[in-house]
Amino acid sequence: MSEPQKGKNIHEQHGPAFSVQDEIRRDRSLRKTSRRRNTRHMAHRLFTVGLCILVCAALLCVVMFFTMRVDTITVSGNVRYSAEEIMRASGIETGDFLPLIHSERIYRNIVTGCTHISRVELVKNYPSSIEIIVSETGAVYALQVRNRWLTLDENLRVIEYTEDISGLTVLILPAVQQAVEGLPLVFTDSDAGMFVNTCLDVITEEMKDFRRTQIDLSDQYNMRVWINGDAEILLGDAVDLKIKLQLAGKVYEDARSAGSSYTAIDASDPTRISAAYDADSEY
């Protein structure tokens, strides 16, 4: 074998152990291994942290469950009803889980059982006491439904069925679908409630200096108000209702100064108010 050929064979046999491609592959493998190791370490840390959070949350829930129990109930703002009556109506009992006591449910319970109460506020004093603050209301209106008289507060919430309606303003309203003690009136026509409430607000504000004995809102185009037992006012529809009432009030004062025993005032057209002195009463 010639010398050059021999040297070539030796060079081929004893060349570099790794090529450049081998180094690249080795470097990539090391980086992948490092990333997998870091990923495992991160997942382990996240799992550990998550487990700690779950354990702490569970312990907190257990502590809350056993410590946030109602042991003291107080009532304020009550006049007509005793604290015991209100607590009994509320349905709250000692031992109830305080965070799960909902104001809306307690309100419904109380106003249904104690109909002269119009507003209920719950104050939760953690960890274990609760205060019930109530506002009582009186009857303002009387309404006859299915041949029975019932009393209403200023928001048309039914207070009670009764035969004694002395001193109350009698209402004649559109057809009533539901009249349940402790709850607002429900009208057969869904739009009637808004109409009645809007008109009553205006009438109450503009006629606050007069005793309103009867208000007829059963026909929205032929509304009437009787005041002080010696005058009736025809209002027509609700257009310009405030102006109609203001003008009618002035006409009534003039009629009373003139000594009219009963005055019929037609204010259905605010540009042409008319009045009949010593008229026959329709009340």
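A nonpolar core is here a set of buried Ala, Val, Leu, Ile, Met, Phe, Trp, Tyr and Cys residues joined through side-chain atoms within 4.5 Å. In this predicted model, the largest such core has 36 residues. Those with the most contacts inside this core are L143, L152, L171, L185 and L217. At least two residues of the core come from each of β4, β5, α5 (192-206), β11 (223-227), β12 (231-236) and α6 (241-257). The most is given by α5, which supplies six residues. A second core, separate from this one, has 19 residues, among them I92, I106, I110 and V111.

Two of the elements that supply the largest core, β4 and β5, also pair with each other. Strand β4 covers residues 141-145 and strand β5 residues 148-152; the two run antiparallel and are joined by five bridges. Across this pairing, L143 is placed opposite L150 of β5. The hairpin of β4 and β5 has two residues between the strands, and R146 in this hairpin takes a positive phi near 50°. On from there, β5 pairs with strand β6 (residues 158-161), again in the antiparallel sense, over three bridges. In this second pairing, L150 stands opposite Y161 of β6. L150 thus has a facing residue in each of the two pairings, L143 in one and Y161 in the other. The hairpin formed by β5 and β6 has five residues between the strands, and L156 in its turn has a positive phi of about 60°.

The loop between β5 and β6 also holds R157. With a relative accessibility of 4%, R157 counts as buried, because the limit for a buried residue is under 20%. Beyond its neighbours within four places in sequence, R157 is in contact with V111, T115, H116, I117, S118, T137, T151, L152, G182, L183 and P184. One of these, V111, is a buried residue of helix α4 and is included in the second core. Another, L152, is among the residues with the most contacts inside the largest core. The contacts of L152 itself, not counting residues up to four places away in sequence, are G138, A139, V140, Y141, L143, R157, V158, I159, L171 and L185.

A further sheet is open and consists of three strands in the order β1-β3-β2, with mixed pairing. Its edge strands are β1 (72-76) and β2, each of which pairs on one side only. Neighbouring strands of this sheet are turned by 20° against each other on average, direction ignored. The pairing of β1 with β3 is parallel and comprises five bridges; within it, T72 has S129 of β3 as its bridge partner.

Two helices lie across strands of this sheet. Helix α3 lies across β1, β2 and β3 and runs at about 120° to β1. Helix α4 lies across β2 and β3 and runs at about 140° to β2. The buried residues of α4 (residues 103-113) are I106, I110 and V111. They are on the same side of α4, because they cover an arc of only 120° around the axis. The cover over these buried residues includes α3 (83-90), β2 (117-125) and β3 (129-136). I106, I110 and V111 are also included in the second core.

The cysteines were examined for disulfides, and the count comes to zero. C52 is in no disulfide: the nearest cysteine sulfur, that of C56, is 6.5 Å away, whereas a disulfide requires sulfur atoms within 2.5 Å. C52 counts as partly exposed, at 44% relative accessibility. C114, by contrast, is buried, with a relative accessible area of 3%. C199, which is found in helix α5, is also buried, with a relative accessible area of 2%. Leaving aside neighbours within four places in sequence, C199 is in contact with L217, M223, A238 and L241. One of these, L217, is among the residues with the most contacts inside the largest core. The C-alpha atoms of C199 and K242 are separated by 9.2 Å, while the two residues are 43 residues apart along the chain.

Technical notes. Residues numbered from 1 in each chain as written. Predicted model: local features only at pLDDT ≥ 70, side-chain atom pairs only at ≥ 80, totals over all residues. Heavy atoms only, no water. Buried < 20%, exposed > 50% of the residue type's maximum accessible area, 1.4 Å probe, protein only. Helix = DSSP H or I, 4+ residues; strand = E, 2+ residues; numbered from the N terminus. Arc of directions from axis to C-beta. Contact = heavy atoms within 4.5 Å. Pairing = 2+ DSSP bridges. Axes fitted to C-alpha atoms, helices over the stretch in contact; angles between N-to-C directions.
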